[in-house]
Amino acid sequence: MLIRRLCLILLLLCLPVLALAEIYTPGNGLCDKPDCFWETPMNLRDTEAIWAMLTAPMTVVKGNSRTQAYLLAEPEKGAARVAEVTCSTQGVHVLENLDNGWSRVECYSSSFSGSPVKAWNQLTEGYIQTDKLEVISVKQNFGLVVDKLDQRLYIYESGELVDVLAVSTGFVTKGAPYNETRSGEYILNSRTGTFMSGNMTCDYGIRFNDGDLIHEVPHLLEDNGYKNYWYCERFLGEKASHGCIRVQRLNTAKGINMKWLWDHLRGEMGTRIIIWEDWPGRTIDYPDDSTPVYYNPKGGQNYHSAENCTGVKDEYLPLTAFTYGELDTEPYNKLTACEYCVPPRRFEDILEINLASIDRME
């Protein structure tokens, strides 16, 4: 297994892709503002920088949160529309304030189905009148990071990473490019609660971007009252939604899931949620081989991120520790990742995601 892993690493390193060494940021422009989301590298290892960005002020477009404003191709009324921005909740990156009352900004276009501007999640630069912009403060207790490449939600509280949950963001098809979850920075602004999506029920919905919400993974309510999560839950950890962010319902070892978020974010509307774009060529970090993981030696089929995982019967707790670097060796090589505590992906699974990202550069 070690030889196989080394071969895979060499394959990755030999690919002629300089972008692997590039530090990715959410935006293209520079404003040199401290702790700006658009210039903070997509680096989960730097908790201090992530927290500073999550709690920094944010520039939005004035207006009702269920309405859209337009970015224009030129700094003048009547110019072509190049992108849409959700008012009040979506952040924009101010690159330049012009002397004529206009500002040059960038953002990911929040074009939805039926939009007159067919710019689905495109990172776009355009112009908007300066007096339509305002700087707002965000809540300081929590912050959320959604990584579309890894399909994970990272929960921060009081400057620390609290837990990681599996999610599903938008799944794009040729006929539905608008299903892509819009990337960028937003604030949670309203507790919608339970709503229907077709014949599926979505609980604990919190709106952040007009038509987009973060909510529990949908379920089908059967005639006997049973909530059947199987149809959507099996796709957590990969793209599967119509644009919303589906979040796991199973409790982690810390008791955290979408319901926990719903309960703890009560009174916390105005909390920042950022959504990282899965840029072609961007890659996921590999865990350190010494990272502890756990399993049940008495017939357990999963590996876990916590020794007291809620997906394991109490009689088998605490679980037995081994290291991430041993996952490819007996007796751990056939273990599958636990659906409750979201342990690190296997090396080969991360490699597959990274190679697919590199392939999209061509």
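The exercises below work through a predicted protein model, from its overall build down to single residues.

Because the model is predicted, local features need pLDDT of at least 70 and side-chain atom pairs count only at pLDDT 80 or more, whereas totals for chains, interfaces and linings use all residues. Residues are numbered from 1 along each chain as its sequence is written, and side-chain values use heavy atoms, with hydrogens and water left out.

**Exercise 1. The overall build**

Task: Find how many helices and strands the protein has, and work out whether its radius of gyration agrees or disagrees with that of a compact globule.

Solution. Begin with the secondary structure, where helices (H or I, at least four residues) and strands (E, at least two) are DSSP runs numbered from the N terminus; the protein has five helices and 22 strands. Next, take the radius of gyration over C-alpha atoms and apply the globule rule, which is 2.2 Å times the number of residues to the power 0.38. For 362 residues the rule gives a value near 21 Å, and because the protein has 21 Å, the two agree. The C-alpha atoms fill a box of roughly 70 × 55 × 40 Å along the principal axes.

Then turn to burial, where buried means under 20% relative accessible area, exposed over 50%, and partly exposed in between (1.4 Å probe, protein chains only). By this rule, 52% of the 362 residues are buried. Finally, count contacts, meaning heavy atoms within 4.5 Å: among those between residues at least 6 apart in sequence, 65% join residues at least 24 apart.

**Exercise 2. A network of charges**

Task: Starting from Glu-180, establish which residues are linked with it in a network of salt bridges, and where its partners Lys-148 and Lys-239 lie.

Solution. A salt bridge is a side-chain nitrogen of Lys or Arg within 4 Å of a carboxyl oxygen of Asp or Glu, and the whole structure holds 16 of them. One of these joins Lys-148 to Glu-180, with the closest N and O atoms 3.0 Å apart. This pair links distant parts of the chain, since Lys-148 is in the loop between strand 8 (142-147) and strand 9 (152-157) while Glu-180 is in the loop between strand 10 (160-168) and strand 11 (184-187), 32 residues apart.

The second step goes from Glu-180 to Lys-239, where the closest N and O atoms are 3.7 Å apart. Lys-239 is in the loop between helix 3 (230-233) and strand 17 (245-247), and 59 residues separate this pair. Lys-148 and Glu-180 are both buried, Glu-180 because its relative accessibility is 12%, whereas Lys-239 is partly exposed at 25%. The network as a whole links Lys-148, Glu-180, Lys-239, Glu-277 and Asp-278.

**Exercise 3. A bridge between two strands**

Task: Decide which strands the salt bridge between Glu-185 and Arg-272 ties together, and whether the two residues are buried or exposed.

Solution. The closest N and O atoms of Glu-185 and Arg-272 are 3.0 Å apart. Glu-185 lies in strand 11 and Arg-272 in strand 18 (residues 272-276), so the bridge ties together parts that are 87 residues apart in sequence. Glu-185 counts as buried because its relative accessibility is 4%, and Arg-272 counts as buried at 1%.

**Exercise 4. The surroundings of Thr-181**

Task: Locate Thr-181 and name residues in contact with it, leaving aside its neighbours within four places in sequence.

Solution. Thr-181 is placed in the loop between strand 10 and strand 11, where it is buried with a relative accessible area of 0%. Its contacts include Asn-121, Lys-148, Thr-169, Ser-241, Cys-244 and Ile-275.

**Exercise 5. Backbone exceptions**

Task: Identify which peptide bonds before Pro-318 and Pro-331 are cis, and what phi values Ser-88 and Gln-151 have.

Solution. Most residues other than glycine have a negative phi, and most peptide bonds are trans. The bond joining Leu-317 and Pro-318 is cis, with omega about -5 degrees, and Pro-318 is in the loop between strand 20 (302-304) and strand 21 (320-323). The bond from Glu-330 to Pro-331 is also cis, with omega near 0 degrees.

Ser-88, in the loop between strand 3 (81-86) and strand 4 (93-97), has a positive phi of about 80 degrees and is partly exposed at 25%. Gln-151 has a positive phi of about 55 degrees and, at 3% relative accessibility, counts as buried.
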